[in-house]
Amino acid sequence: MALKISIITVFSFLLLLATTYIVESATIDIKKFGGAPNGDITQAFISAWKEACAATSLTKIVIPSGTYKMREVNVKGPCQAPIELQVDGTIQAPSDPKQLHNVDQWVIFGYVSHFTLSGHGIFDGQGAYAWKQNDCGTNKKCDFAPMNFGFNFLNHSTVRDITSKDSKNFHVNVLACNNFTFDGFKVIAPESSINTDGIHIGRSTNVKVLNTKIATGDDCVSLGDGNTHLVVQNVECGPGHGISVGSLGKYDNEGPVDDFLVKNVTITGTQNGVRIKTWPTYPGQTTVTNMRFEDITMVNVSNPIFIDQEYCPWNQCSKQTPSKVKISKVTFKNIKGTSATKEGVKLICSKSVPCEGVELSDISLTYNGAPAIASCSNVSPKVTGKAPQCTAATAATTTASTEV
């Protein structure tokens, strides 16, 4: 009897806590601080964030439907309790990058735990003017335009259903985040937009990109150094340059990339499919290991399966000194569809540190109705099931882009 009373007491206490939490949660409409459609909401957004960050219980900031203007914002924690930002309107950046005062990202969230960015709204970078000014392919001292989003040092956070449109540069940069999920996220930019990677991830752990559509002018998803335990699943990619690990090896002290799963993905009309790219000549000596690319459909993709350790866009380096990045334990499994080139599989590994533990399993790619071929150098992949056998590789061909 005493045990039964104790259980009831504990249950009642938990119910009271839950009820109290719900009652104490609050909603802040951007209108509270003067934010109105067709106006500039920069200061209203910053003020709403400050109030939400100081709250001791869950707080939701709401930006209703409508079109808003916003200059650069950089909001950060630590905050007292979880925050949700629900955006249902369209927020526009200034079209001229100079009006964003030399920031790296237009909208930055940093040093927060349990943050959610949700809603069916659009963050419109209005990047067309910036793309025309981009001369980074010929000018090494070029000024990079701002990205749409910077997510820095976030823990246990989610971006859900939001759209990033026409960023001036990368759409999203994820830096030093842990347990961070994109779900139902959308990226929209024309194929001609320069250097507009969809989601770039660096030095992060347990990042997931799920149920997402990315159409852009560069990599749909790209990984920098220092990443571990990453997943890209149920994603549609294209146009663009595909899904890439790297580029890596350009700088000293780059962290290893370990445990990356790409699964149930459709890649359409891209310059590359799934790719690992590292620089020759440069000093970086990091490692890439435990890469799994599984259950992928390619539709008219120029380089569906590509390891490129001679990555050197715009001839920025010499290929005389091989890449020092070690690639190992890479599986390409159940990849099918159409290649826009005869060589559907290109494995161009480094002479100084050849690839190890590469497996091709159940690869069915066609070029003009005939089976695509595989070309390889400095690697002896294990072939299982139906997959093309390697022939000697020709020199790697990389896209003329300013991707990093």
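**Exercise 1. Classify Phe182 as buried or exposed in this predicted model.**

Solution. Phe182 has 0% relative accessibility. Buried means under 20%. Phe182 therefore counts as buried.

**Exercise 2. Classify the ring pair Phe151 and Phe182, and place it in the chain.**

Solution.
Step 1. The search of the whole structure finds 17 aromatic pairs.
Step 2. In the pair of Phe151 and Phe182, the ring centres are 6.0 Å apart. The planes stand at 75 degrees.
Step 3. Planes over 60 degrees apart count as edge-to-face. The pair of Phe151 and Phe182 is therefore edge-to-face.
Step 4. Phe151 belongs to strand S10 (residues 147-152). Phe182 belongs to strand S14 (residues 178-183). The pair links distant parts of the chain, 31 residues apart.
Step 5. Phe151 and Phe182 are both buried.

**Exercise 3. Describe the pair of Phe182 and Phe185, then find the cluster that holds these rings.**

Solution.
Step 1. The centres of Phe182 and Phe185 lie 5.4 Å apart, with 45 degrees between the planes. This pair is tilted.
Step 2. Phe185 has a relative accessible area of 1%, so Phe185 is buried.
Step 3. One aromatic cluster includes Phe151, Phe182 and Phe185. Among its other members are Trp49, Trp106 and Phe149.

**Exercise 4. Work out the surroundings of Gln309.**

Solution.
Step 1. Locate the residue. Gln309 lies in the loop between strand S24 (305-308) and S25.
Step 2. Check exposure. Gln309 has a relative accessible area of 1%, so Gln309 is buried.
Step 3. Look for a polar partner. The Gln309 side chain reaches the backbone nitrogen of Ser350 at 3.1 Å.
Step 4. List contacts beyond four places in sequence. Gln309 touches residues including Trp279, Pro280, Val325, Ile327, Ile348 and Cys355.

**Exercise 5. Which rings does Lys250 lie over?**

Solution.
Step 1. Take Trp279. The charged end of Lys250 sits over this ring, 4.4 Å from its centre.
Step 2. Take Tyr282. Lys250 lies over its face, at 5.6 Å from the ring centre.

**Exercise 6. Trace the strand pairing through S25.**

Solution.
Step 1. Strand S23 (residues 287-301) and strand S25 (residues 326-339) run parallel, joined by 11 bridges. Thr287 has Lys326 in S25 as its bridge partner.
Step 2. S25 also runs parallel to strand S27 (residues 356-367), with nine bridges. Thr331 has Glu359 in S27 as its bridge partner.
Step 3. Read the order. S25 pairs with S23 and with S27.

Key. Residues numbered from 1 in each chain as written. Predicted model: local features only at pLDDT ≥ 70, side-chain atom pairs only at ≥ 80, totals over all residues. Heavy atoms only, no water. Pairing = 2+ DSSP bridges. Helix = DSSP H or I, 4+ residues; strand = E, 2+ residues; numbered from the N terminus. Buried < 20%, exposed > 50% of the residue type's maximum accessible area, 1.4 Å probe, protein only. Polar contact = N/O pair within 3.5 Å; in protein donor to acceptor, adjacent residues only side chain to side chain. Contact = heavy atoms within 4.5 Å. Phe/Tyr/Trp six-rings, centres within 6.5 Å; stacked < 30°, edge-to-face > 60°. Lys NZ or Arg CZ within 6 Å of the ring centre and 35° of its normal.
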